[in-house]
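Let's take a walk through this protein together, starting at one loop and moving outward to the helices. Keep the viewer open as you read.

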Amino acid sequence: MSTHITRYADGWLAEMLPALRAIVIDGAKGVGKTQTAELFARTVLQLDKKNVRESLEAGYERLYDYPTPVLIDEWQRLPEVWDRVRRMVDDHIPEGSLLLTGSQQSSNLSLHSGAGRIVRLRMRPLSLAERFPQLEKIKLEDCLAGNLPEKLWTESPVTFTQYMQEVVRSGFPDIYNASEKARSLLLDSYIDNIATRDFSAQGIQLRQPETLIRWMRAYAAATGTTTSYNKMLDAATPGEDDKPSKPTTISYREALYSLWLIDDLPYWGEGEDFFGRLKQTPKHFLADSGLEAHLLGLHAEDLARGSADSPHDPEYGSIAGRLFESLCTMSVRTYATVLGARTGFLRTASGTREIDLIVEKDRKLVIIEVKMGPSVTDEDVRHLNWFAEKVGDRVKEKIVLTTGERAYRRPVDRVLVVPAALFG
């Protein structure tokens, strides 16, 4: 069994489980949901095992008798469990009673949403801060509270080459710790299972699994963009007359969403009156930058040298920069989730202004630009300063995440420049 890597979700559960009757941890297969939940559970029911499902189905009342907390792992394998848990919460079971994990959103529309009864936590792959826990952190929580000092100077030992290695390494814990050769085989297996097993489990039969994999590859090439789905389809099936129909590609997208494998970033929908018309299409990301890089056949050395074969979008820039943005975006969303903050992005319809990440809690904002290079120029911060001028005091920090060696505050505009591994 692999060594458990301490997760932000661990601390969140330690704080919240004693105060809540039921919690469900959502996320793609392999992100570490079960490992985290097992740290707290006294009873574990693994519903991917047929005999456990049949035993529970024969007597749901046993859920009241098990030592708590009870972990119901992969609950969607027996969807009726959801309503049983909801009723138990209505019966005022003690706080800290139930944990559920799920790597697939149930398609059963008859199930109650659980709103007001069951609290959800989205778990993502390993963030940069979880990969480099020994480094001193500049905390998002302090940024939102406006508690960072005016003068700041912190150094990071993480090099540009290491960042590119982290981009392709994959944040799925069991894959993260594997050797490079094993990692490639494990990611191949992960993708193959999506196409051959996970889709059929949702009632979707693929005549040509390779078509889905090509569509996922096109999605990976579009990471960090707002490219239309039609353009993705064209990229996935170039020169083919017999393209998948629109309903088919919609079913692909919905199935990947239900497996928590698409993790698009929503647009930040406030302030249209003083920002002008905003582009409201979400920004495309898969759940893991390592999965994206693997689908594209890219290695760390390809990203570091800017391979000529790598996808380049004239509007959105190099794939290396966008994959680094994918890793940073996933990391920041992890930090925001455990703080109860929401994350989005802003892009004007003309494309002339963009804020990569906007984190909001209690109307306080932290705005973030992601830059793959180590140095920061006036040009790099102009959109941050433009946004802050429009919004005013709600903006508590302006930040540029980089691959550089030092965290510092720019003297003129007070923008905080932070090596990405130091942010947590």
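## A loop, its contacts and the helices beyond

Start at Ser97: setting aside the neighbours within four places in sequence, its contacts are Leu20, Arg21, Thr68, Pro69 and Val70. You will find Ser97 in the loop that links helix H4 (80–90) to strand S4 (98–102). Ser97 counts as buried because its relative accessibility is 5%, and the cut-off for buried is under 20%. Please bear in mind throughout that this is a predicted model.

Two of those contacts deserve a second look. Thr68 and Pro69 are joined by a cis peptide bond, with omega at about 0 degrees. Most peptide bonds are trans, which is a good reason to pause here. Pro69 itself sits in the loop between H3 and strand S3 (70–73).

Stay in the loop between H4 and S4 a moment longer, for Glu95 lies there too. Is Glu95 buried or exposed? With a relative accessibility of 43%, Glu95 counts as partly exposed. Leaving out neighbours within four places in sequence, Glu95 touches Leu17, Pro18, Ala19, Leu20 and Arg21. Glu95 and Arg21 are 74 residues apart in sequence, yet their C-alpha atoms are 4.0 Å apart in space. Leu20 and Arg21 also appear among the contacts of Ser97.

Now step back to the whole protein. Its secondary structure comes to 17 helices and 14 strands. Of its 424 residues, 55% count as buried. Taking contacts between residues at least 6 apart in sequence, 73% join residues at least 24 apart. The accessible surface is about 19,100 Å², and carbon and sulfur atoms hold 48% of that.

With that overview in mind, turn to helix H3 (residues 50–58), where Val52, Arg53 and Leu56 are buried. Viewed down the axis of H3, the buried residues fall within an arc of 100 degrees, so they line one face of the helix. An α-helix has 3.6 residues a turn, so residues three or four places apart point the same way. The buried residues of H3 pack against strand S2 (43–46) and H4. On the face of H3 turned away from its buried side, look for the exposed residues Lys50, Asn51 and Ala58.

Helix H11 (residues 229–236) can be read in a similar spirit: its buried residues are Met232, Leu233 and Ala236. They cover an arc of only 100 degrees around the axis, which puts them on the same side of H11. The other side of H11 carries Asn230, Lys231 and Ala235, which are exposed. And what covers the buried residues of H11? The cover includes H10 and H12.

That leads us to those two helices. Helix H10 (residues 209–221) packs with helix H12 (residues 246–258) at an angle of about 70 degrees, their axes being 11 Å apart. H10 is therefore roughly perpendicular to H12. From H10, Thr211, Leu212, Trp215, Met216 and Tyr219 meet Thr249, Tyr252, Arg253, Leu256 and Tyr257 in H12. Sorted by class, this contact of H10 with H12 has seven nonpolar, two polar and one charged residues.

Just follow the chain into the loop between H12 and helix H13 (272–275) and you come to Trp260. Trp260 is not a glycine, but its phi is positive, about 60 degrees. Its relative accessible area is 12%, so Trp260 is buried.

For another crossing, look at helix H7 (residues 160–169) and helix H16 (residues 319–339), which pack at an angle of about 75 degrees with their axes 10 Å apart. H7 is therefore roughly perpendicular to H16. Here Tyr163, Met164, Glu166 and Val167 in H7 meet Leu323, Phe324 and Leu327 in H16. The contact of H7 with H16 is made up of six nonpolar, no polar and one charged residues.

Our last stop is Ser170, in the loop between H7 and helix H8 (173–176). Its phi is near 80 degrees, a positive value in a residue other than glycine. Most residues other than glycine have a negative phi. Ser170 is buried, as its relative accessible area is 0%.

Technical notes
Residues numbered from 1 in each chain as written. Predicted model: local features only at pLDDT ≥ 70, side-chain atom pairs only at ≥ 80, totals over all residues. Heavy atoms only, no water. Helix = DSSP H or I, 4+ residues; strand = E, 2+ residues; numbered from the N terminus. Buried < 20%, exposed > 50% of the residue type's maximum accessible area, 1.4 Å probe, protein only. Contact = heavy atoms within 4.5 Å. Axes fitted to C-alpha atoms, helices over the stretch in contact; angles between N-to-C directions. Parallel < 35°, antiparallel > 145°, perpendicular 65-115°, else oblique. Nonpolar A, V, L, I, M, F, W, Y, C, P; charged D, E, K, R; others polar. Areas by Shrake-Rupley, 256 points an atom, 1.4 Å probe, with all protein chains shown as cover. Arc of directions from axis to C-beta.
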